[in-house]
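Visitor: I should like to understand how the terms used for a protein model follow from its values. Would you kindly take me through the reasoning?

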Amino acid sequence: MTPARTRRDAFPVNWTARALWLALVVYCVYAAQILQITWSRFVIGMDQGATFLARMWPPNFGPQKLDLIIQGMLESLQIAFLSTAAGILLALPLGLLAARNLMPSPVCWGARGLIALCRTFHPVIVSILFVKAVGFGALAGVLALVVATLGFVGKLFAEAIEEISMKQVEAVRATGASFASVLIMAVVPQVMARFVGFGIYQLDSNLRNSTMVGIVGGGGIGATLFTAYQRFDYDVVLAILIVIIALILLFELISTQIRKVFQ
Amino acid sequence: MNMQPDAAAAADRSLVIRNLTKEYRAGQPVLKGISVTIEGRGVTAIIGPSGTGKSTLIRCINRLVDPTAGEILFQGSDLAKLSGVELRQARRRIGMVFQEYNLVERLSVIENLLCGRLGYVPWWRTLTRRFPDEDVAHAFELLDAVGLGDFATRRADALSGGQRQRVGIARAIMQNPDVILADEPTSSLDPKTSVEIMEILDRLAGERGIPVVVNIHNVDLAKRFASRIIGMARGTIAFDGPPDALTEAHLIDIYGGEGWLE
């Protein structure tokens, strides 16, 4: 009896996976060393953080400041809605063109290339580009977020369309329906609920992003926030952060309700 | 609308298939030069084992599958060569019933019926659901005829299999087609519902003089409803004749083996 030999191995060792995990750990240690991230550096950072936090409290909701904050927030809100609406309108055809089950492959690759391009750069970088291209203000912010929306939602739309049941499409096609009618009666009903979900998600994400584009000159609350930082008005910074958190939470509640309508 | 077919109309509803070949992979034909004429009346059942090309044959007719070679003559044109607008116009005259019903699940029952009119209604009217009044009236009539009058505004995914297939049949009839193709319409249903579905298909098509070509696994159902049986095996036609002429020897030739016949 040699159990070690006769017993079949139920859990064979995957040496490649182990090697990859090891490589990951080694690289992380190496990167921390290069960047001189050490425990003592971290402790110094914590000290500074405590001072910073102390200077933030209490938040400054003085009438003048509040007026600035509200104006900035309203502008951010407008940037978010405009860019989401325009971005989704553009993403609808782009997502369709990128869907491999409905479009010939050259068209798909073109559309997918455009989507990939929109997704390549972080909205901050795109914002900087648009601020330089069209000048300071909300327009640059809107355009930057339209690009972000196009890249993200376009890709999700294409994937949603690729996951539809082709049997339903086939049946409608077999009645002699035109391509437009097939889209309306066989494709849209299958993807509508998901599209609404993506749209709401993107609006949510654009709300967050719209508070950021102002930092690089794209309009909205970000500009106010940045000014407050530069003037060391940390109590105003905290006030702004609280308002942003409140808005995001409020929208979270609203979006849950909207989703329930489109099932 | 429910005119009895005269001889001319019946001739107009016939299908002539010549040397139809389909290869999904080059050199491996699923259909090996099928030639058959289907007269424009009654129910023609195509029986045969799975994978022998029954579905492919039926799908070549309305070009859900593109044939590799051959002709399908219908109302003066060769369906095998049509494309674009001409193909869509030909498809309007051909109703289809599917094994898995293929209803648009998230549309209501009545919307699914009206899908049968999409070849005639421009897309912008489809978008706002402004279908012609007579189409909507006809849809309600048909819904009553298949016993689903109370289900008009239910979503299709709320229906049972048998109910869905009734909607599938009604959708095909909505087209006012000159032929109905049914691809295993009862294979996903229980035996009792299968008979009911075949009865509805037979009755609705018969009343309107629409010929039906039906792929069917169940030999008994085929014999019961069809006036002509075509047995397919190995990508060719192995039997063609009235149900009475179909013998055990034929079935053994079509399906192979014989243990299953006992």
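Guide: The following conversation sets values of this predicted model against the definitions of the terms.

Visitor: What makes α4(A) and α7(A) oblique to each other?

Guide: Helix α4 (residues 63-97) and helix α7 (residues 138-162) of chain A pack at an angle of about 40°, with their axes 6 Å apart. Angles under 35 degrees would count as roughly parallel, and 65 to 115 as roughly perpendicular. The angle of about 40° fits neither class, and α4(A) and α7(A) are therefore oblique to each other.

Visitor: What is the hand of that crossing, and which classes of residue make the contact of α4(A) with α7(A)?

Guide: The crossing in which α4(A) passes α7(A) is right-handed. The contact has 18 nonpolar, seven polar and one charged residues.

Visitor: Why is α10(A) called roughly antiparallel to α11(A)?

Guide: Helix α10 (residues 221-230) and helix α11 (residues 234-261) of chain A have axes that cross at roughly 155° and come within 8 Å. The cut-off for roughly antiparallel is an angle over 145 degrees. The angle of roughly 155° lies over that cut-off, so α10(A) is roughly antiparallel to α11(A). The crossing of these two helices, α10(A) and α11(A), is left-handed.

Visitor: Let us turn to the strands. What makes β2 and β5 of chain B edge strands?

Guide: These strands belong to an open sheet of four strands in chain B, with the order β2-β1-β4-β5 and antiparallel pairing. Both β2 (28-38) and β5 (77-78) have a single partner strand, so one side of each has no neighbour in the sheet.

Visitor: How do you know that β4(B) and β5(B) pair?

Guide: Pairing requires at least two bridges between the strands. Strand β4 (residues 69-74) of chain B is joined to β5(B) by two bridges, so the requirement is met. The two strands run antiparallel, and L73(B) stands opposite D78(B) in β5(B).

Visitor: How many bridges join β1(B) to β2(B), and what do these strands form?

Guide: Seven bridges join strand β1 (residues 15-25) of chain B to β2(B), and the strands run antiparallel. One facing pair is I17(B) and V36(B), the latter in β2(B). The strands β1(B) and β2(B) form a hairpin with two residues between them, and G27(B) in the turn has a positive phi of about 85°.

Visitor: What makes the pairing in the open sheet of six strands mixed or uniform, and what is its strand order?

Guide: The order is β6-β7-β8-β3-β9-β10 in chain B, and the pairing is mixed. The edge strands are β6 (94-97) and β10 (236-241) of chain B, each of which pairs on one side only. Neighbouring strands of this sheet are turned by 20° against each other on average, direction ignored. Within chain B, strand β3 (residues 43-47) and strand β8 (residues 212-215) run parallel and are joined by four bridges. V43(B) stands opposite V212(B) in β8(B).

Visitor: What is notable about the phi of Q36(A)?

Guide: Most residues other than glycine have a negative phi. Q36(A), a residue other than glycine, has a positive phi near 55°. Q36(A) is placed in the loop between α2 (15-34) and α3 of chain A.

Visitor: Is the peptide bond from W57(A) to P58(A) cis or trans?

Guide: The bond is cis, with omega near -5°. P58(A) lies in the loop between α3 (39-56) and α4 of chain A.

Visitor: Finally, which residues lie nearest the centre of the largest pocket, and which classes make up its lining?

Guide: The largest pocket has a volume of about 380 Å³. Of its 16 lining residues, I184(A), V188(A), P189(A), M192(A) and R129(B) lie nearest the centre. The lining has twelve nonpolar, one polar and three charged residues. Its largest share, seven residues, comes from α9(A).

Key: Residues are numbered from 1 along each chain as its sequence is written. Chains are lettered from A and ligands numbered from 1 in the order in which they are written. This is a predicted model: local features need pLDDT of at least 70, side-chain atom pairs count only at pLDDT 80 or more; totals for chains, interfaces and linings use all residues. Side-chain values use heavy atoms; hydrogens and water are left out. Axes are lines fitted to C-alpha atoms, for helices over the stretch in contact, and angles run from 0 to 180 degrees between N-to-C directions. On a 1 Å grid over the protein atoms alone, a cavity is a set of points where a 1.4 Å probe fits but cannot get out, and a pocket is an open set with protein on both sides within 12 Å along at least five of seven lines; lining residues have an atom within 4 Å of a point. Grid points are joined across faces, edges and corners, and a volume is the space filled by probe spheres set on the points. Ala, Val, Leu, Ile, Met, Phe, Trp, Tyr, Cys and Pro count as nonpolar, Asp, Glu, Lys and Arg as charged, and the others, Gly among them, as polar. A crossing is left-handed if the near helix is turned anticlockwise from the far one by less than a right angle, and right-handed if clockwise.
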